[in-house]
Amino acid sequence: MGGTKPIGRSKNSLPAANGGVVRIQNTTLLIIAIIFSVCFILALSCAFLGDDEDEPYFKSILNEVAQTNPGLVLLGENVDVDIDEPSITIRWSIIGCGDGYVLDGSAGIHESTSCGLPPEYLQIYVDSSFNPTAIFDPSQLPYVSQTGRRRNIQNLVQFDSDHTLDVHEDRLYPFDTYFLTSTIRAIDSSNATVPIRKLTTIDQVSSFLVASTDVASYETTSNGTQLASRDIDLQVQRPGQARAFTLLLFALSWMLTHITFGHVILAKKHQEVKPIFKHLVSSFVIVLAIPQLRNAMPDAPGYDVALTIFQKTDCIGFFPQMILSAFSVLALLLLIILREFDAIDDKPLVIDLKAARPTVGPTEKPSPLNSPLKPLILNTKKRTSSDSFERGEFFECEKRQLGGAYAFPARSPAPSSSTTIHHRSRSSRSISSATTFSGQAGTHGYHMSKSSSLRTVTER
């Protein structure tokens with residue numbers, strides 16, 4: 001039949017199933033993760049949509065003033081809280097509400113048809129200052145050529161006032177609260193007092209909530225004349241979200257500090273330097289991370305301010321955390337040094353015996369006692385192995401060479417009067433001088449060929 005060979009499928013062509021559940025490939029998991037991340041980001045971005053469709057914050061306030069008590073209104077459209085100074089800067093807008101208090105062609109501020117720019121010249125004094133803080137002159141406002149409406153130039157209709165901030169509770173960050181009280185008075189071109197009907201500010205700025213209340217007041221001159229004014233009280237505090245984030249970062253910093261303690265406890269159980277070094281690196285990273293977490297706290301005061309007013313969050317948080325973490329790193333460094341000393345003490349001392357043996361230099365003459373001519377000079381004969389064996393010196397030499405690892409039979413005692421001594425004849429000496437040794441692992445034995453011509457001599 002045909003020699004065709006069926007094409008076999010690879011084992012990896014289909015995903016393996018376990019208990020009826022097919023495992024998803026890694027590429028598929030990556031695509032799913034990317035789609036989920038994009039959807040999550042788009043969902044969060046929807047929070048910024050529709051914000052411009054909300055009613056302006058000041059519209060309802062302006063309409064209420066125009067209906068109930070028309071007159072001059074000052075709106076604090078921006079409040080800048082500076083903890084490091086400490087001070088608060090408020091940007092005021094000059095607005096007139098109601099019939100007779102709106103400049104022609106300027107109505108529609110903050111989408112209120114009943115409010116616009118004031119029609120008269122004004123001088124505004126903040127906190128009874130000697131010189132006016134702002135001067136409003138409607139004649140300086142330009143017209144739009146096509147429509148004939150008045151332009152709302154910010155520098156001509158807005159002014160800033162700086163106020164010293166009360167810092168009695170600044171040390172309670174993030175539960176610090178600030179109070180401010182200010183009074184404002186306005187006069188026209190004839191030095192007549194213009195009553196201010198409303199003072200208000202926005203209720204939320206970056207990292208702070210602002211609650212404002214105003215009240216009508218008056219000032220008295222030296223001659224007893226009363227000048228109408230208006231006071232405003234501001235209460236500035238942190239929003240709930242900022243407090244939650246600060247407390248969360250505060251707790252994370254203490255957790256990281258406790259982890260450095262755990263690194264020290266675990267490192268003490270290691271006898272080698274390499275595992276301890278890993279704990280040291282982790283603790284050092286924590287020491288560098290704690291200041292970054294402190295800087296990430298929303299609108300936190302600077303370190304110099306914290307030291308000046310004894311910031312409570314830093315006294316029970318940042319400074320103890322840095323000190324304890326640094327001590328943990330120092331303990332790990334000392335532990336590494338201690339382990340290094342232990343490793344040096346445990347290292348065995350190796351002595352080169354060959355180098356310790358005295359050697360005779362090439363130029364040094366051999367001693368006469370060790371000279372090879374000694375047997376000839378002293379008329380002595382070199383001992384053979386059989387002589388050494390008979391005298392018992394052979395065992396001592398072998399014992400020194402083997403380092404005492406083997407046991408040799410003890411030397412026979414000196415002959416007594418009742419001992420029989422065997423002497424070899426001259427003819428058998430050549431045979432007896434050939435000695436044969438044989439042994440196995442752990443044993444050392446010898447076999448010696450004996451001569452048959454032995455004679456017994458009884459010692460006299």
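## Close-up views of a predicted model

**View 1. The cysteine pair C97 and C115, joined by a disulfide.** With a relative accessibility of 0%, C97 counts as buried. This is a predicted model, so keep that in mind for every view below. Where does the sulfur of C97 lead? To C115, with 2.1 Å from S to S. In general terms, a disulfide is a covalent bond between the sulfur atoms of two cysteines. The count for this model comes to one disulfide. The link of C97 and C115 is right-handed, with 115 degrees about the S-S bond. C97 lies in strand β4 (residues 87-97) and C115 in strand β5 (residues 115-116), so the pair ties together parts that are 18 residues apart in sequence. Is C115 buried or exposed? C115 is buried, with a relative accessible area of 0%.

**View 2. Another two cysteines, C39 and C46.** Here we leave the disulfide and look at how open these residues are. C39 has 47% relative accessibility, so it counts as partly exposed. C46 is partly exposed as well, with a relative accessible area of 46%.

**View 3. E111, in the loop between β4 and β5.** Follow the chain through this loop and stop at E111. What is unusual to look for in the backbone here? Phi of E111 is near 65 degrees, which is a positive value in a residue other than glycine. With a relative accessible area of 53%, E111 is exposed, since exposed means over 50%.

**View 4. P119 and what it touches.** P119 sits in the loop between β5 and β6 (122-126). Its relative accessibility is 35%, so P119 counts as partly exposed: it falls between the 20% and 50% cut-offs. Which residues does P119 contact once neighbours within four places in sequence are set aside? They are G100, Y101, V102, L103 and P138. L103 is worth a second look: it is 16 residues away from P119 along the chain, yet their C-alpha atoms are separated by 4.3 Å.

**View 5. H163 and its surroundings in strand β8.** H163 is found in strand β8 and counts as buried, at 4% relative accessibility. Its side chain makes a polar contact with the side chain of S161 (2.9 Å). The side chain of D127 is another polar partner of the H163 side chain, at 3.5 Å. Leave out residues up to four places away in sequence, and H163 touches S87, I88, I90, V126, D127, L180 and S182. D127 therefore shows up twice in this view, as a polar partner and in the list of touching residues.

**View 6. A cis peptide bond from Y173 to P174.** What is omega for this bond? It is near 5 degrees, and the bond is cis. P174 lies in the loop between β8 (158-164) and β9 (177-187).

**View 7. S207, in the loop between β12 and β13.** This loop links β12 (204-205) and β13 (208-220), and S207 is found in it. Phi of S207 is near 70 degrees, a positive value in a residue other than glycine.

**View 8. Helix α4, residues 240-267.** This helix has 28 residues, and at 1.5 Å a residue they should span 40 Å. The end C-alpha atoms of α4 are 41 Å apart, which agrees. Which residues of α4 are buried? They are A242, R243, T246, L249, S253, T257, T260, H263, V264 and A267. A bit of background helps with reading such a list: an α-helix has 3.6 residues a turn, so residues three or four places apart point the same way.

**View 9. Helix α5, residues 273-295.** The 23 residues of α5 reach 34 Å from the first C-alpha to the last, close to the 33 Å expected at 1.5 Å a residue. The buried residues of this helix are I276, H279, L280, S283, I286, V287, I290, P291, L293 and R294.

**View 10. Stepping back to the whole chain.** How many helices and strands does the chain have? There are 12 helices and 18 strands. Of the 460 residues in the chain, 29% are buried. Among contacts with a separation of 6 or more, 61% come from residues 24 or more positions apart. The accessible surface of the chain comes to about 31700 Å², and 57% of it belongs to carbon and sulfur atoms.

Definitions and conventions:
Residues are numbered from 1 along each chain as its sequence is written. This is a predicted model: local features need pLDDT of at least 70, side-chain atom pairs count only at pLDDT 80 or more; totals for chains, interfaces and linings use all residues. Side-chain values use heavy atoms; hydrogens and water are left out. A disulfide is a pair of cysteine sulfur atoms within 2.5 Å. Helices (H or I, at least four residues) and strands (E, at least two) are DSSP runs, numbered from the N terminus. Buried means under 20% relative accessible area, exposed over 50%, partly exposed in between (1.4 Å probe, protein chains only). Contact means heavy atoms within 4.5 Å. The expected span of a helix is 1.5 Å times one less than its number of residues. Accessible areas come from the Shrake-Rupley method with a 1.4 Å probe; for residues, only the protein chains shown count as cover. A polar contact is a pair of N or O atoms within 3.5 Å; within protein, one must be able to donate a hydrogen and the other to accept it, and residues adjacent in sequence count only if both atoms are side-chain atoms.
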